[in-house]
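Here are my notes on the model you sent over. Have the coordinates open while you read, and shout if anything looks off.

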Amino acid sequence: MNRSILVTGGTGFVGKNLCIHLQNQGYNLFLLIQDYEIDKIKEKKQNGIRWEELIKKEEVKDIYGNKIKNIDTVIHLASYGVNNLDDDFDKMIDVNINLTLKLIKSLKKINCRKIIFTGSCFEYKYKAGKLTEEDVLNNNTGYSTTKSSGILLADYLARSLGIKTITLRLFNIFGDFEKENRLLPSIFKNESNFIPFSGGEQIRDFLYIKDIVLAYEKILEKDILDGEIYNVCSGKGISIKDFVLIAAKVSKIPLEYLKFGEYEYRQGEPMCIVGDNEKFCQKFEWKPSFSLEEGIKRMYENISR
């Protein structure tokens with residue numbers, strides 16, 4: 001496999017999983033990184049390009065000093081604000097909009113004409129039924145507003161420059177390399193006999209990270225960047241309580257340790273987020289390969305090593 005792929009956000013949750021898989025599949029992989037990440041990337045024997053190098057230099061070199069001549073496709077994962085604690089609105093604008101536009105403008109330097117944008121289910125205005133790609137977008141949070149605005153602007157700019165695009169909107173993902181404060185890691189690493197939750201009645205569309213990785217690989221394999229937006233999700237809803245009960249079964253946590261109703265629901269928290277994945281499934285001949293229990297078991301086994 002000689003195709004060169006550049007991944008932004010490659011040190012994050014989705015990015016780490018994706019980069020490991022693409023490397024194992026033989027892609028020539030580059031991560032777009034900040035200066036403080038260089039040593040860590042080199043320790044992992046990976047390659048990268050500095051953001052400042054790509055945006056400000058006319059001749060772009062990797063972190064080892066080699067000139068970058070051709071990148072086949074960029075996978076854009078970098079974003080800010082999906083975590084509720086990341087609430088710096090100016091930074092949301094800078095990362096989700098301005099940095100994305102600078103990235104598009106810089107692609108000609110590396111002879112790249114294809115980019116995969118990564119969106120989120122949080123861009124939608126929530127409703128009781130399944131969310132489709134045609135549904136209304138949500139401007140109730142800084143993250144959702146800057147994320148959807150950034151992709152729309154970048155997609156317009158890219159098309160005006162002759163760059164092919166495609167956008168994936170991801171839903172609730174779980175798996176290896178999640179931060180410890182997220183739902184499953186916080187359960188698996190809890191050493192007490194009191195694990196508090198909200199009521200757990202929220203319905204979510206969970207998908208194991210390996211299925212997300214395979215969705216990106218499908219796009220690379222089929223080389224289809226048609227300017228469309230696609231939901232990538234399981235298409236099935238499950239309550240957070242039932243999801244937690246599966247995790248407790250897998251990790252053998254006594255059910256009496258689980259204390260539902262200890263926390264109030266967050267203000268404005270949507271009670272149902274489920275996606276319709278039919279469009280992506282039909283176009284790319286993709287479907288989820290892992291059940292929730294299989295994915296949770298794999299994640300638990302990796303955390304327990």
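The points below go from the whole chain down to single residues.

1. Ground rules. This is a predicted model, so to speak for itself only where confidence allows: local features need pLDDT of at least 70, side-chain atom pairs count only at pLDDT 80 or more, and totals for chains, interfaces and linings use all residues. Residues are numbered from 1 along each chain as its sequence is written, and side-chain values use heavy atoms, with hydrogens and water left out.

2. Overall build. The protein chain has 10 helices and 14 strands; these are DSSP runs numbered from the N terminus, with helices being H or I of at least four residues and strands E of at least two. The radius of gyration is 20 Å, close to the 19 Å from the globule rule for 305 residues, so the chain is as compact as a globular protein of that length. That radius is taken over C-alpha atoms, and the rule is 2.2 Å times the number of residues to the power 0.38. Along its principal axes, the C-alpha trace spans about 60 × 40 × 40 Å.

3. Burial and contacts. Buried residues account for 50% of the 305 in the chain. The cut-offs are under 20% relative accessible area for buried, over 50% for exposed and partly exposed in between, using a 1.4 Å probe and protein chains only. As for contacts (heavy atoms within 4.5 Å), take those between residues at least 6 apart in sequence: 78% of them join residues at least 24 apart.

4. Surface and charge. About 15300 Å² of the protein chain is exposed, and carbon and sulfur atoms supply 47% of that. Areas come from the Shrake-Rupley method with a 1.4 Å probe; for residues, only the protein chains shown count as cover. On the charge side there are 45 positive and 43 negative side chains, with the centres of the two sets 5 Å apart. Lys and Arg count as positive, Asp and Glu as negative, and His and the chain ends are not counted. Each charge is placed at NZ of Lys, CZ of Arg, CG of Asp or CD of Glu.

5. Cysteines. How many disulfides does the structure hold? Zero, taking a disulfide as a pair of cysteine sulfur atoms within 2.5 Å. Cys112 is in none, and the nearest cysteine sulfur, that of Cys19, is 15 Å away. Cys112 is also buried, at 0% relative accessibility. Why is Cys272 not bonded to Cys121? The sulfur of Cys121 is the closest cysteine sulfur to that of Cys272, but at 11 Å it is too far for a bond.

6. Positive phi. Most residues other than glycine have a negative phi, which makes the next two worth a glance in your viewer. Asp223 has phi near 55 degrees; it sits in the loop between helix 7 (209-222) and strand 11 (229-232) and is partly exposed at 40%. Lys252 has phi near 60 degrees and belongs to the loop between helix 8 (240-251) and strand 13 (258-259). At 71% relative accessibility, Lys252 is exposed.

7. Two buried residues. Ile33 is in strand 2 (residues 28-33), with a relative accessible area of 1%. Beyond residues up to four places away in sequence, Ile33 touches Ile38, Ile41, Ile49, Arg50, Trp51 and Ile63. Ser106 is in helix 4 (residues 89-106) and is buried too, at 4%. Leaving aside neighbours within four places in sequence, Ser106 contacts Leu54 and Ile55.

8. Loop residues. Glu59, in the loop between helix 3 (51-56) and strand 4 (73-76), is partly exposed at 41%. Setting aside neighbours within four places in sequence, Glu59 is in contact with Glu53 and Lys67; its C-alpha is 8.6 Å from that of Ile110, 51 residues away along the chain. Asn84 lies in the loop between strand 4 and helix 4 and is exposed at 53%. Asn140 is in the loop between strand 5 (114-120) and helix 5 (142-160), exposed at 64%. The C-alpha atoms of Asn140 and Phe122 are 9.8 Å apart, with their positions 18 residues apart along the chain.
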